[in-house]
Amino acid sequence: MGHVTDRAIELYKAGRRDEALSLVEQVLREDPVDRDALSLAGVILYQSDRLDEAERMLHRLIAGHPLFAQGRINLATAMLARGAKREALGHLRVACLLTPGDPDAHGRLGNLLHGAGDYVAATRHMTHAARLCPTDPDRQVLLAVALLSHCDHAGAVEVLTPVLARHPGHTDARTHLAAAWLSLGRPDLAEETLLAAGGAPSGDTPPSGGKPPTAQGDPILSRARLYRQIAADAQRPHTPEGLLVRAPFSVLSGYGDFAQHFVRSLMECGTTLRLAGLMGEESWRPAFTDPILQAAARRLGDPVRARLALSVLTPPLVEPVPGLPTVNYTMFEGPRIPDSWAVCNRAHEMVVVPTDSSRLAWIAAGHPEDRIRVCPPGIAPHPADAAAQPLPIVGPGGRSVMDYRVRVLNISDFVARKNLAGLLRVWLRGTRADDDAILILKVGKGGSSLMGEMRRLVEEGMRATGRRLDEAAPVALLTDRYDDAGIAGLYAVATHYLSLSHGEGWDLPITRAGCLGAGLIAPRHSAYTAYLNDRVAHLIPCTTGPALMPYSSAYYQPFHGLDWWHPDEDAAADILSRVIRDPEGGRRDAARHLMDNFTWDAAARRLLDALDGV
């Protein structure tokens, strides 16, 4: 039947897939284990979006021909299409063992490992692929990207420098090389790298005073020039002494929120600041009326003689400024930081973290204990909450949410660390349909498929608990975007706030709810233990274990190979049930405790004390 298979391959190459499939099906009726026919049938079915049939066909192929490497690569591709990454990784690993000289197999595996967060293994396979194809610049760039992800910036420079020498027009190589130089604290070499491509006239250097010129829309070049200017200003004796603060001031994030509060509090302490954002120069204007602070805010872009550079960022985003000590205010949500974070921060003079939990996470990864300080941020009411009115929300049965006696809020991004799967299981197990309670679950940043993903999570929860959604108290699932007033209205609705998170660096939503007097239910782990105790909150016991995706054996990508905390769902369901049955009898109020013990004035002074030790 070989000639029939050959004819099918010709038809497939000519784009006549249906005819080719008919021929290979004819071959398989005569010989069900024909390798080439099974392989071609699997490929055609996959390309025709008949994914289940393609996977079954390719499983037949591997069962009969376990040493056929291309078959395993094809099967891995089909499995990836339905999200089975762990199984696909297994087949690609075998394919690489069977064909050690195939750069495509190693490149595919390296890319998949990189996406899974296993940067060490990804680098190993991409290095092998790059060595097999030493003249292929794209493979070298992919290797450099893996090295950058693991914070091996010097290794990336070593790979990319000869690539640019041979291929000066390779834009990706040039961009990644410039970024690597910035991460190594060499903005001069970053600028030189970019200008060599004709990005700006040679010799176009920052002026001796004022702001650097706009770098033709290139944020890396803009930051390189900014850092060089700041380094030069630090050497001018008559420039006012102060601090450089770099943070995501214009990004909606916990880091951005912390940074803005610290900037305001540091200014109130009389500290002169210069601000830099993620992309370069970035201004910030406080929304308050004190004329002294408003005047200070207008000078945030003025030159300062910075005595150090304070970043409020995750470690991989820190870019040192030449001649200035580097301090990073950061945090982590698990018992141990990733190796890549440890590599980054070891090159810095000091790491400042908000809680003892984060301090222990850095120490567990080998960070020197004498170069880490704890500085909790402040906790204060949000300005929008003072005049907030409860958001009008209608529950699943048409009943107004405000008519329920117990209104439990959770506001989370749709990420595995937030443990929305566990929260739903606890709600299904801990509540009854006749309870006078409702869960308001505000989920965001999941894209257009968010509602479908949440429905699947609910279905998995019902299967895991053996309880239907209509057997539990109702759930109001909110996925729309809200402005500041809308979010404030959500907090105004809540009588309680419930978290089942696997770990938190701080958790701004629960502290905001606590300031408004909501009863708090949270796991006894990570940041929660820094500002909550049994007197002011209901704390759930926890264990530690692998940081896996919900209902999966695959790691959550940012925590690859690491553990996080697992709240005891039996205990959580019991606490929830008792709170709903008697919300006033078990009332615990965290508001006064939070606001009295965690002021922003004290946070700024603790931070300044820590910086004085650099």
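The legends below describe an overview and several close-up views of a predicted model.

**Figure 1. Overall view of the predicted protein model, with its 25 helices and 14 strands.** The C-alpha trace spans about 85 × 75 × 40 Å along the principal axes of the protein. For 614 residues, a compact globule would have a radius of gyration near 25 Å, and the value of 28 Å found for the protein agrees with this. Of the 614 residues, 52% count as buried, while the surface that the protein exposes comes to about 26800 Å², with 51% of it supplied by carbon and sulfur atoms. Among the contacts with a separation of 6 or more, 64% are accounted for by residues 24 or more positions apart.

**Figure 2. Close-up of the disulfide formed by Cys-151 and Cys-344.** A search of the whole structure finds one disulfide, and in this pair the sulfur atoms lie 2.3 Å apart. Cys-151 is placed in the loop between helix 9 (137-149) and helix 10 (153-166), whereas Cys-344 belongs to helix 16 (residues 339-346), so the pair ties together parts of the protein that are 193 residues apart in sequence. The torsion about the S-S bond is about -80°, and the disulfide is therefore left-handed. Both ends of the link are removed from the surface by the accessibility criterion, since Cys-151 is buried with a relative accessible area of 5% and Cys-344 is buried with a relative accessible area of 7%. A disulfide is a covalent bond between the sulfur atoms of two cysteines.

**Figure 3. Close-up of Cys-133, with Cys-542 for reference on exposure.** The cysteine sulfur closest to that of Cys-133 is in Cys-96, and because the two sulfur atoms are 13 Å apart, the distance is too far for a bond. Cys-133 has a relative accessible area of 18% and is therefore buried, given that the cut-off for this class is under 20%. Cys-542, with a relative accessible area of 25%, is partly exposed.

**Figure 4. Close-up of the salt bridge between Arg-139 and Asp-104.** By the rule applied here the count comes to 35 salt bridges in total, and in this one the N to O distance between the two side chains is 2.4 Å. Arg-139 lies in helix 9 and Asp-104 in helix 7 (residues 103-115), so this pair ties together parts that are 35 residues apart in sequence. The two partners fall into separate accessibility classes: Arg-139 counts as buried at 17% relative accessibility, whereas Asp-104 is partly exposed, with a relative accessible area of 44%.

**Figure 5. Close-up of the salt bridge between Glu-319 and Arg-223.** The closest N and O atoms of this pair are 2.8 Å apart. Glu-319 is found in the loop between strand 3 and strand 4 (326-329), and Arg-223 in helix 13 (residues 219-233), so the salt bridge ties together parts that are 96 residues apart in sequence. Both Glu-319 and Arg-223 are buried.

**Figure 6. Close-up of the salt bridge between Arg-581 and Asp-435.** In this pair the closest N and O atoms are separated by 3.0 Å. Arg-581 lies in helix 23 (residues 569-581), while Asp-435 lies in the loop between helix 18 (420-430) and strand 8 (437-444), so the pair ties together parts that are 146 residues apart in sequence. Arg-581 counts as partly exposed at 33% relative accessibility, whereas Asp-435 is buried, with a relative accessible area of 8%.

**Figure 7. Close-up of a network of salt bridges that links Glu-333, Arg-417, Lys-418 and Glu-504.** The network includes two glutamates, Glu-333 and Glu-504, together with Arg-417 and Lys-418. Side chains of opposite charge can pair when their charged atoms come close.

**Figure 8. Close-up of Ser-311 and its surroundings in strand 3.** Ser-311 lies within this strand, which comprises residues 305-312, and is buried, with a relative accessible area of 4%. When neighbours within four places in sequence are left aside, Ser-311 is in contact with Arg-246, Val-318, Val-327, Asn-328 and Tyr-329. The C-alpha atom of Ser-311 is separated by 13 Å from that of Gly-280, a residue 31 positions away along the chain.

Key
Residues numbered from 1 in each chain as written. Predicted model: local features only at pLDDT ≥ 70, side-chain atom pairs only at ≥ 80, totals over all residues. Heavy atoms only, no water. Helix = DSSP H or I, 4+ residues; strand = E, 2+ residues; numbered from the N terminus. Buried < 20%, exposed > 50% of the residue type's maximum accessible area, 1.4 Å probe, protein only. Contact = heavy atoms within 4.5 Å. Disulfide = S-S within 2.5 Å. Salt bridge = Lys/Arg side-chain N within 4 Å of Asp/Glu carboxyl O. Rg over C-alpha atoms; globule rule 2.2 N^0.38 Å. Areas by Shrake-Rupley, 256 points an atom, 1.4 Å probe, with all protein chains shown as cover.
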